[in-house]
Amino acid sequence: MKSKQKGMVIIMSAPSGAGKTSICDAVVKKNKNIVYSISTTTRAPRKGEKNGKEYFFVTEAKFKDEIKQKQFAEWAKVHNNYYGTSKKILESIISKGKDVLLDIDVQGAIKIKKQYKDALMIFIMTPSLKILKQRLIKRNKDTKEVINIRLKNAEKEISYIDKYDYLVINDKLNESIKQVENIINCSRLSTKRNKVIWRKK
Ligand code: 5GP
């Protein structure tokens with residue numbers, strides 16, 4: 001019989017506009033064993049975003065207080081705002097044997113990987129930077145100034161691709177969702193991840 005094993009930590013990073021949120025949402029919706037970790041941020045909510053759903057929206061003072069109290073497994077300043085992953089949320093998900101999906105930037109990804117050596121790292125990118133720019137403009141969520149900051153950051157983020165286990169080029173959304181699910185399913189079966197269960201038999 002299988003012993004209770006901790007869930008897997010799945011890290012998904014991508015430049016803004018690459019379609020990561022759509023992919024994450026679909027993967028979580030379709031796979032009951034994968035739970036999204038809601039981050040804390042100082043960014044202002046966008047139209048339609050609700051506190052406790054997309055993020056926990058807090059002031060900078062509250063965020064810094066949470067840093068002091070060591071409540072974050074990782075935190076980073078991204079596009080001039082603070083973002084952090086709650087240690088408590090992450091641990092409570094994986095200790096139930098569920099997989100946790102972290103939608104975090106490259107700096108946060110590296111920090112999580114140091115603590116959770118078996119974490120699966122997936123990078124999502126558009127077929128080109130030109131397409132990324134077009135998508136950012138089309139989604140009409142950000143001002144021109146914010147789009148420019150995000151594009152500048154994209155080039156920096158892309159330089160981290162080789163730190164990730166897998167790269168998904170998001171050309172067709174449905175294909176990308178399938179690819180991410182396949183990567184996760186394969187990773188669950190890796191010998192490294194199943195060693196403990198195997199030896200206990
Ligand atoms: P957005 O403001 O578009 O929702 O997110 C901006 C960036 O912040 C994205 O790259 C997203 O992955 C990243 N992000 C969201 N939550 C966290 C977090 O908890 N930690 C880190 N390091 N990055 C995060």
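User: Which helix does Lys152 lie in?
Analyst: A quick word first: this is a predicted model, where local features need pLDDT of at least 70 and side-chain atom pairs count only at pLDDT 80 or more, while totals for chains, interfaces and linings use all residues. Residues are numbered from 1 along each chain as its sequence is written, and side-chain values use heavy atoms, with hydrogens and water left out. Helices (H or I, at least four residues) and strands (E, at least two) are DSSP runs numbered from the N terminus. On that numbering, Lys152 lies in helix 6.

User: Is Lys152 buried or exposed?
Analyst: Buried means under 20% relative accessible area, exposed means over 50%, and partly exposed is in between (1.4 Å probe, protein chains only). Lys152 has a relative accessible area of 67%. That is why Lys152 counts as exposed.

User: How far does helix 6 reach from its first C-alpha to its last?
Analyst: Helix 6 covers residues 144-158, which makes 15 residues. The expected span is 1.5 Å times one less than the number of residues. For helix 6 the expected value is 21 Å, and the actual reach is close to that, at 21 Å.

User: Which elements do the buried residues of helix 6 pack against?
Analyst: The buried residues here are Ile147, Arg150, Leu151, Asn153, Ala154 and Glu157. Contact means heavy atoms within 4.5 Å. The partners of these buried residues are strand 6 (81-86), helix 4 (106-115), strand 8 (120-125) and helix 5 (129-139).

User: In what order do the five strands of the open sheet run?
Analyst: Two strands pair if DSSP finds at least two bridges between them. In this sheet the pairing is parallel. Strand 2 (34-36) and strand 9 (166-169) are the edge strands, each pairing on one side only. The full order is 2-7-1-8-9.

User: What angle does the direction of helix 4 make with that of strand 1?
Analyst: Helix 4 packs on this sheet, touching strand 1, strand 7 (99-103) and strand 8. Axes are lines fitted to C-alpha atoms, for helices over the stretch in contact, and angles run from 0 to 180 degrees between N-to-C directions. Between helix 4 and strand 1, the angle is about 160°.

User: How many residues of strand 7 are buried?
Analyst: Asp99, Leu101 and Asp103 point one way from strand 7, Val100 and Leu102 point the other way, and all are buried. Strand 7 is therefore largely enclosed by the rest of the structure. The buried count is five of the five.

User: Which residue of strand 7 does Val9 stand opposite?
Analyst: Strand 1 and strand 7 run parallel and are joined by four bridges. Strand 2 also runs parallel to strand 7, with three bridges, and there Ile34 stands opposite Asp99. For Val9, the residue opposite is Val100.

User: Which strands stand at the edges of the sheet with the order 4-3-6-5?
Analyst: Four strands form this open sheet, and its pairing is mixed. An edge strand here has a single partner strand, so one side of it is left without a neighbour in the sheet. That describes strand 4 (55-57) and strand 5.

User: In strand 4, what is the bridge partner of Thr41?
Analyst: Strand 3 (residues 39-41) runs parallel to strand 4, and three bridges join them. One of the residues paired this way is Thr41, and its partner in strand 4 is Phe57.

User: Is Phe72 buried or exposed?
Analyst: Phe72 lies in strand 5 (residues 72-78). Not counting residues up to four places away in sequence, Phe72 touches several residues, including Thr40, Phe63, Ile67 and Thr85. Its relative accessible area is 9%, so Phe72 is buried.

User: Which residues form an aromatic cluster with Phe72?
Analyst: Rings of Phe, Tyr and Trp (its six-membered ring) pair if their centres lie within 6.5 Å. A search of the whole structure finds seven aromatic pairs. The cluster joins Phe72 to Phe63, Trp75 and Tyr82.

User: How far is the charged end of Lys111 from the centre of the ring of Trp75?
Analyst: A charge sits over a ring if NZ of Lys or CZ of Arg is within 6 Å of the ring centre and within 35 degrees of the ring normal. Lys111 does sit over the ring of Trp75, at a distance of 5.4 Å.

User: What is the phi of Lys70?
Analyst: Lys70 lies in the loop between helix 2 (60-68) and strand 5. It counts as exposed, at 62% relative accessibility. Although Lys70 is not a glycine, its phi is positive, at about 55°.

How values were computed
Rings of Phe, Tyr and Trp (its six-membered ring) pair if their centres lie within 6.5 Å; planes under 30 degrees apart count as stacked, over 60 as edge-to-face and the rest as tilted.
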